[in-house]
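Me: I am new to this structure and should be grateful for a close look at a single part of it. Please take one strand, describe its setting with care, and then relate it to the rest of the model.

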Amino acid sequence: MMMTETRRRDAAEPAGEDASVPLRNDVATRERNAAVSAPGPAASSPPQSKISVRDFDFYYGAAKVLHGINLDIPDRKVTALIGPSGCGKSTFIRSINRMNDIIPEARASGTILIDGQDVYGGHADVVELRRRVGMVFQKSNPFPKSIYDNVAYGLRIGGMRNKRQLDEIVERSLTRAALWHEVKDRLHTSALALSGGQQQRLCIARALAVDPQVLLMDEPASALDPIATSKIEELIYELKENYTIVIVTHNMQQAARVSDRTAFFMMGRVVEYAETNAIFMNPKQKMTEDYVTGRFG
Amino acid sequence: MTSNLRRRRLFSRFFETLCALAVIIALIPLAMILFYVIKEGFGALNVDFFTRMPKPVGESGGGMANAIMGTLILIGIAALFAVPIGCLCGIHLAEFPGTKFSSVVRFAADVLNGVPSIVIGIFAYGILVLPVKRFSAIAGGVALGLLMIPIVVRTTEELIRLVPGGLREGALALGATRSRAVFGVILPAALPGILTGILVALARVAGETAPLLFTAFNNRFWSTNLTQPMASLTVQVFTYAISPYDDWHRQAWAGALLLVMMILLLSIAARLAVRRLERMNRT
């Protein structure tokens, strides 16, 4: 019922960029993006899409949790995924770096292209993929090792042994994650002694160390206090200069503050996907409006 | 209503008393064993006991130096044999918990845990003593190791499962392969607990007599040759205790006291090791 309504509305508004309508053609999407975003001052040139999702379905056993997702995530921008609990946004973000692979009986169909390469293709290498697509989790998960060893972990498993090189990248990553000044004198003490917010920034530093192109953040600030949260948000703002960031958040203000584009998920479908301003100020869908104004969810 | 409350109080009091009583009954044997072993054994425990060899029958004095060394060597062999097998096996069970193979292995470990130690001894006798027609320290160590394996397997499995799933995800998300994540992150996080499990298992097998009777057998002389029979505290205590000589009885008590103290020491060491590793893990 939801689908039919969505389609009808979409037909009535040809300019509406509704990702629940399957798009087969990349070029068509770009043109549409360009057409839609042309009036906006921020996007005078069409955003280069880094991740293209086409007809993506996901199943846990017999339960279908994602239905025909179509999204184009632009390069070096922050894309926020919002929606009520259980709407599939976490499942979706975890599909991008195939973290769902470790769940038995999980199954995907459709394609997710990163730089034109199919993540779920037959010869795709999961390990290589995850080095290109870093992830930060809801609950900070530093390893029970020293701060230094946490950040160096990804480099070491990549085979880097050169101490000077390691030192350099560890410092750079911690600096980028705005943590260097707080920890530079105790790099070799346990990471578990850091505060919650510091731990989360350490996890971001750890992800940045392997120099990914995409950074996935699954509710990175939901367990943090307001001060730590604002630090993470500032950090996201700075990081988008170099990284494509996808962030799942339950916090509407956070989505509005940090993201350039926002996708609203509902019951495993993308209801609306547009510039963040448009989603919050002028949503095309009734459901989006109800959600962002706090009428449900 | 008041009478109801009184009845409930009475009931509560009654069961509290019952629980306290049960605790006391359970502790009495332990206290008595400790008291008796110390009372009988302490007198015979002297420097000679640790440094001298057993004296021939009729001569008084002498010690159990060879048996002390023997027990250390035997549990060393047992650990070398059981720890790698047990740990790897436990890792497999924790990593692939749902497979048919894993449930078979888990069941096998539980059965092995329940096999009487004398049967384990006979098994080691059959495969390691009979073919070479000689009792050996290796056969004894392997028999003790077989007793250790199921304990190590189950502790390893349980402790690896207790490691938060977030650590695994964190490692995988950085491009670690599954084995890399297990050996580099998950196993180190579970290590303090696994170490305790190993020490507890060692303490348990250090007190075994039956599996050594026809594997390591006994030896009245100093020997560190692994292919020769080897003395052990437990077998020595057994031999002395069933002898008709008073002097040997005294030595048996001293040996028993030493065994109890060794096990106590191992347990304390396990606790200290855990505390140190945990401190390293947390601060």
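Reply: The account below begins with one strand and then moves outward to other parts.

The model is a predicted one. The strand chosen is β9 of chain A, which covers residues 261-266. Chain A as a whole has 12 helices and 10 strands, and 47% of its 297 residues count as buried. Among the contacts in chain A with a separation of 6 or more, 68% are between residues 24 or more positions apart.

Is strand β9 of chain A buried or exposed? A residue counts as buried when 20 or more other C-beta atoms lie within 10 Å of its own. By that criterion 6 of the 6 residues of β9(A) are buried, so the strand is largely enclosed by the rest of the structure. In a regular strand the side chains alternate between the two faces of the sheet. In β9(A), one side carries A:R261, A:A263 and A:F265, while the other carries A:T262, A:F264 and A:M266. These residues are all buried, and both faces of the strand are thus covered.

The pairing of β9(A) with other strands comes next. Strand β3 of chain A, residues 78-82, runs parallel to β9(A) and is joined to it by 4 bridges. Within this pairing, A:A263 of β9(A) is the bridge partner of A:L81. Strand β10 of chain A, residues 269-275, pairs with β9(A) in the antiparallel sense, over 6 bridges. There A:E275 in β10(A) stands opposite A:R261. β9(A) and β10(A) form a hairpin with 2 residues between the strands, and in this hairpin A:M267 takes a positive phi near 45°.

Positive phi values also occur elsewhere in chain A. A:R76, a residue other than glycine, has a phi near 50°. A:R76 is placed in the loop between β2 and β3 of chain A. With 16 other C-beta atoms within 10 Å, A:R76 is partly exposed. A:D55, which is not a glycine either, has a positive phi of about 45°. A:D55 lies in strand β1 of chain A, residues 49-60, and is partly exposed, with 14 other C-beta atoms within 10 Å.

Strand β1 also leads to an open sheet of chain A, in which 4 strands follow the order β2-β1-β4-β5 with antiparallel pairing. The edges of this sheet are β2 (63-74) and β5 (117-118), each of which has a single partner strand, so one side of each is left without a neighbour in the sheet. At one of these edges, β5(A) pairs with strand β4 of chain A, residues 106-114, over 2 bridges in the antiparallel sense. A:I114 has A:Q117 in β5(A) as its bridge partner.

Chain B offers a view of helix packing. Two packed helices are described by the angle between their axes and the distance between the axes. Helix α3 of chain B (residues 65-95) and helix α8 of chain B (residues 178-206) have their axes 10 Å apart, at an angle of about 140°. α3(B) and α8(B) are therefore oblique to each other, and the crossing of α3(B) past α8(B) is right-handed. The residues that meet include B:I75, B:A78 and B:V83 in α3(B), and B:I194, B:I198 and B:L202 in α8(B). By class, this contact of α3(B) with α8(B) has 12 nonpolar, 1 polar and 1 charged residues.

How values were computed
Residues are numbered from 1 along each chain as its sequence is written. Chains are lettered from A and ligands numbered from 1 in the order in which they are written. This is a predicted model: local features need pLDDT of at least 70, side-chain atom pairs count only at pLDDT 80 or more; totals for chains, interfaces and linings use all residues. A residue is buried if 20 or more other C-beta atoms lie within 10 Å of its own, exposed if 12 or fewer, and partly exposed in between; C-beta atoms are placed from the backbone. Two strands pair if DSSP finds at least two bridges between them. Two residues are in contact if their C-beta atoms, placed from the backbone, lie within 7 Å. Axes are lines fitted to C-alpha atoms, for helices over the stretch in contact, and angles run from 0 to 180 degrees between N-to-C directions. Angles under 35 degrees count as roughly parallel, over 145 as roughly antiparallel, 65 to 115 as roughly perpendicular and the rest as oblique. A crossing is left-handed if the near helix is turned anticlockwise from the far one by less than a right angle, and right-handed if clockwise. Ala, Val, Leu, Ile, Met, Phe, Trp, Tyr, Cys and Pro count as nonpolar, Asp, Glu, Lys and Arg as charged, and the others, Gly among them, as polar.
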